[in-house]
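User: I'd like a close look at one part of this model, walked through slowly and without too much formality. Here it is.

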Amino acid sequence: MLDQGYSIAAASRSLDVGENTLRRWVQQLNDERGGITPASKALTPEQQRIQELEARCQRLEQEKGILKKATALLMSDGMNRTR
């Protein structure tokens, strides 16, 4: 629609999608093309990759926190056994 110059009304009829839904999609696509990472599922491949990498980073940070806590617990348990 954006690249071909269709109107929202014509595109929504052609796709059998509500105009408001199509407007939201168009706004999200414009935002993504402008470099804004969406809160919902990304439309462009670049934004999808960014979301995947952000999720991976978050998961790794959680795992790191768990490992730190486990290490601290094992260290304190080892200290208690030597006393």
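Before the main request, a quick check on a residue: is Lys69 buried or exposed, and what is its relative accessible area? After that, please concentrate on the largest pocket and the α2 helix that helps line it.

Analyst: Quick one first, bearing in mind that this is a predicted model. Lys69 is exposed, with a relative accessible area of 66%; the cut-off for that label is over 50%. Lys69 belongs to helix α3, which runs over residues 45–82. Its C-alpha atom sits 53 Å from that of Ser12, with the two positions 57 residues apart along the chain. Ser12 is a handy way into the part you want, as its place is in helix α1.

Now the pocket. The largest pocket has a volume of about 240 Å³ and a lining of 14 residues. Met1, Leu2, Leu15, Leu22 and Val26 are the ones that lie nearest its centre. By class, the lining breaks down into 11 nonpolar residues, two charged and one polar. Two helices, α1 (8–15) and α2 (19–33), each put in at least two lining residues, and α2 gives the most, with five.

So what does α2 itself look like? Start with its length: at 1.5 Å a residue, its 15 residues should span 21 Å, and the end C-alpha atoms are indeed 21 Å apart, so the two agree. Next, its sides. Leu22, Val26, Gln28, Leu29 and Glu32 are the buried residues of α2. They cover an arc of only 165 degrees around the axis, so they fall on the same side of the helix. An α-helix has 3.6 residues a turn, so residues three or four places apart point the same way. The face of α2 turned away from that buried side carries Asn20 and Arg24, both exposed. Note that Leu22 and Val26 turn up twice: they are among the buried residues of α2, and they are also among the residues nearest the pocket centre.

What does α1 bring up against α2? Take Ile8, found in α1. With a relative accessible area of 21%, Ile8 is partly exposed rather than buried, because buried would need a value under 20%. Leaving out neighbours within four places in sequence, Ile8 is in contact with Met1, Glu19, Leu22 and Arg23. The C-alpha atoms of Ile8 and Arg23 are 7.2 Å apart, although 15 residues separate them along the chain. Ser12, by contrast, is buried, at 5% relative accessible area. With the sequence neighbours up to four places away set aside, Ser12 touches Val17, Gly18, Glu19 and Leu22. Glu19 and Leu22 are therefore in both contact lists, the one for Ile8 and the one for Ser12.

Between the two helices there's a loop, and Asp16 sits in it. Asp16 is a residue other than glycine with a positive phi, near 55 degrees. At 72% relative accessibility, Asp16 counts as exposed.

At the far end, just after α2, Gly35 takes a positive phi of about 95 degrees. Gly35 is also where helix α3 comes back into the story, through Gln47, which is found in that helix. Not counting residues up to four places away in sequence, Gln47 touches Glu32, Gly35, Ile36, Thr37, Pro38 and Ala42. Glu32 is one of the buried residues of α2, and Gln47 is buried too, with a relative accessible area of 4%. That leaves α3 with a buried residue in Gln47 and an exposed one in Lys69, the residue you asked about at the start.

Terms used. Residues numbered from 1 in each chain as written. Predicted model: local features only at pLDDT ≥ 70, side-chain atom pairs only at ≥ 80, totals over all residues. Heavy atoms only, no water. 1 Å grid on protein atoms, 1.4 Å probe; cavity = no way out; pocket = protein on both sides within 12 Å on 5 of 7 lines; lining within 4 Å. Points joined across faces, edges and corners; volume = space filled by probe spheres on them. Helix = DSSP H or I, 4+ residues; strand = E, 2+ residues; numbered from the N terminus. Nonpolar A, V, L, I, M, F, W, Y, C, P; charged D, E, K, R; others polar. Buried < 20%, exposed > 50% of the residue type's maximum accessible area, 1.4 Å probe, protein only. Contact = heavy atoms within 4.5 Å. Expected span 1.5 Å × (residues − 1). Arc of directions from axis to C-beta.
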